Amino acid sequence: WVFDSFAVVIEAKSDAQTDGEISIDTVRQATSHEARVRADNKQLETVPVISLLVTPQLRLDTDAAKIADGLYVCTPADILGLLDDAYTTLAEIRSAATSLTDDSFVSLIDKVYKLRGLVGSNLRGRLTTTALQELPPQG
């Protein structure tokens, strides 16, 4: 995903078992995405890229923690909550669109997206709430 001030690369392991641990192989795979995306898209050379692992697992392999610097983790429920907020926001804007002028419509979009935390630093904050290295080790 590419936004106005940052980009997000995602490694999705949403089918992983909740009682398992995030393995070193999963972390290696997730850490490789940023370099590949930057190599494929020169426009991202100067844009911050967030590497996000989406998984229901909330424990980290001890060896994986050593290479997890710069990675963030969200659960599938976190992403569903974000998408639900986006859906609700779009529905609200759509219902109001018919009675607004163009300028009022643009203002409403800006206001509602900010209110729901779906733009800029608010969105970035929602995606980077938990650094992968902050997860407890499997044990």
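The exercises below work through a predicted model of one protein chain.

**Exercise 1. Describe the overall make-up of the chain: which elements does it contain, and in what order do they run?**

Step 1. Count the elements: the chain has five helices and three strands.

Step 2. Read them from the N terminus; the order is β-α-β-α-β-α-α-α.

Step 3. Add the dimensions. The C-alpha trace spans about 55 × 35 × 20 Å along its principal axes.

Step 4. Add burial and surface. The chain has 139 residues, of which 32% count as buried. About 8,400 Å² is exposed, and carbon and sulfur atoms supply 52% of that area.

Step 5. Consider the contacts between residues at least 6 apart in sequence: 70% of them join residues at least 24 apart.

**Exercise 2. Work out how the strands are arranged, and which helices lie on the sheet.**

Step 1. Take the strand order. The three strands make an open sheet, ordered 1-2-3, with parallel pairing.

Step 2. Find the edges. Strand 1 (7–12) and strand 3 each have a single partner strand, so each has one side without a neighbour in the sheet. From one strand to the next, the twist averages 30°.

Step 3. Look at one pair in detail. Four bridges join strand 2 and strand 3 in the parallel sense, and S51 stands opposite L71 in strand 3.

Step 4. Place the helices. Helix 5 packs on the sheet and touches strand 1, strand 2 and strand 3, its direction making about 80° with that of strand 3. Helix 1 (residues 24–40) also lies across strand 1, strand 2 and strand 3, and runs at about 145° to strand 1.

**Exercise 3. Check the length of helix 3 against its end-to-end distance, then decide where its buried residues lie.**

Step 1. Helix 3 covers residues 76–97, which is 22 residues. At 1.5 Å a residue the expected span is 32 Å; the end C-alpha atoms are 31 Å apart, so the two values agree.

Step 2. List the buried residues of helix 3: I79, L82, T89 and I93. Viewed down the axis of helix 3, the buried residues fall within an arc of 85°, so they line one face.

Step 3. Recall the general rule: an α-helix has 3.6 residues a turn, so residues three or four places apart point the same way.

Step 4. Turn to the other face. A77, L80, Y87, R94 and S95 are exposed on the face of helix 3 turned away from its buried side.

Step 5. Identify the cover. The elements over the buried residues of helix 3 include strand 2 (49–54), strand 3 (71–74), helix 4 (102–115) and helix 5 (120–127).

**Exercise 4. Classify T26 and T75: is each buried or exposed? State what each one touches.**

Step 1. Locate the residues. T26 lies in helix 1, while T75 is in the loop between strand 3 and helix 3.

Step 2. Apply the cut-off: buried means under 20% relative accessible area. T26 has a relative accessibility of 14% and so counts as buried. T75, at a relative accessible area of 18%, is therefore buried too.

Step 3. List the contacts, leaving out residues within four places in sequence. T26 touches K13 and L53. T75 is in contact with V54, T55 and L58.

How values were computed. Residues numbered from 1 in each chain as written. Predicted model: local features only at pLDDT ≥ 70, side-chain atom pairs only at ≥ 80, totals over all residues. Heavy atoms only, no water. Helix = DSSP H or I, 4+ residues; strand = E, 2+ residues; numbered from the N terminus. Expected span 1.5 Å × (residues − 1). Buried < 20%, exposed > 50% of the residue type's maximum accessible area, 1.4 Å probe, protein only. Arc of directions from axis to C-beta. Contact = heavy atoms within 4.5 Å. Pairing = 2+ DSSP bridges. Axes fitted to C-alpha atoms, helices over the stretch in contact; angles between N-to-C directions. Areas by Shrake-Rupley, 256 points an atom, 1.4 Å probe, with all protein chains shown as cover.
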